[in-house]
Amino acid sequence: MASVTPISARAWQRMLSGRRLDLLDPSPLDVELIDIAHGLARVARWNGQTHGDHAFSVAQHSIMVEQIFCINQPQASADDRMMALLHDAPEFVIGDMISPFKAVVGGGYKTVEKRLEAAIHLRFGLAPHPSRELKAQIKKADQIAAYFEAVELAGFSETEAKKLFGMPRGFSREMLPIAPEAATTAQVHFVRRFEAIDAERAGKS
């Protein structure tokens, strides 16, 4: 009986821009803003278990985190704000894996995520990874966003959300863009915010 040659597993994702992004060895040359915005606008936070006619997308979450970060860090550079906006950018290709499942999967997920983060940052002229201090500041903004998302959209009680994410101080739901949007709208808003920050980085505004 003839032996069958095993087919190697495909490790790349074809993007709508036509790029092929290798998940194991991602190249900055295969990263495009249009693909990031399109993907993040269609990835649902909380596995889609949220109230509203539309999912609350990672694109919307990213904009909200960057807004919170700016309030907390008013002197932050445009580069820092761009890293805040792109803090979940790898999810445009690997999806938004909820924290409990990340704990089960372990280090393999983090390795892929880190490689993608570096490729994305380098594509847009940023350092491969944020400094430890910046990462902590972005994480704080992320936790504040998660608290409001949990209470307003995902059915958590305030007590549950406070236990998991801490109690935000100096923020209220009215300050944040938390109403779920259609994917096409979220995509446009993400691109606009990216371009506004990028213009500042280039000294155009």
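Among the 52 residues of the largest nonpolar core, those that touch the most other members are Ile 36, Ile 68, Leu 86, Phe 92, Ile 120, Phe 124 and Phe 190. The model described here is predicted. Two buried polar residues, His 87 and Gln 60, are also considered below.

**The nonpolar core**
- Two or more residues of this core come from each of α1 (33-40), α2 (58-72), α3, α4, α6 (107-123), α7 (132-152) and α9 (183-201).
- Helix α7 gives the largest share, eight residues.
- Leaving aside residues up to four places away in sequence, Phe 92 touches Met 15, Leu 21, Asp 35, Ile 36, Gly 39, Leu 40 and Ile 120.

**His 87**
- His 87 lies in the loop that runs between α3 (78-85) and α4 (91-94).
- His 87 counts as buried because its relative accessibility is 15%, and buried means under 20%.
- Its side chain makes a polar contact of 3.1 Å with the side chain of Asp 88, and another of 3.4 Å with the side chain of Asp 142.
- Beyond four places in sequence, His 87 touches His 61, Ser 62, Val 65, Ile 138 and Asp 142.

**Gln 60**
- Gln 60 belongs to helix α2.
- With a relative accessibility of 3%, Gln 60 is therefore classed as buried.
- A polar atom of the Gln 60 side chain lies 2.8 Å from the backbone oxygen of Ala 179, and the side chain of Gln 60 also reaches the backbone nitrogen of Glu 181 at 2.8 Å.
- Not counting residues up to four places away in sequence, Gln 60 touches Ala 55, Pro 177, Ala 179, Pro 180, Glu 181 and Ala 186.

Conventions
Residues numbered from 1 in each chain as written. Predicted model: local features only at pLDDT ≥ 70, side-chain atom pairs only at ≥ 80, totals over all residues. Heavy atoms only, no water. Helix = DSSP H or I, 4+ residues; strand = E, 2+ residues; numbered from the N terminus. Buried < 20%, exposed > 50% of the residue type's maximum accessible area, 1.4 Å probe, protein only. Polar contact = N/O pair within 3.5 Å; in protein donor to acceptor, adjacent residues only side chain to side chain. Contact = heavy atoms within 4.5 Å. Core = buried A, V, L, I, M, F, W, Y, C linked by side-chain atoms within 4.5 Å.
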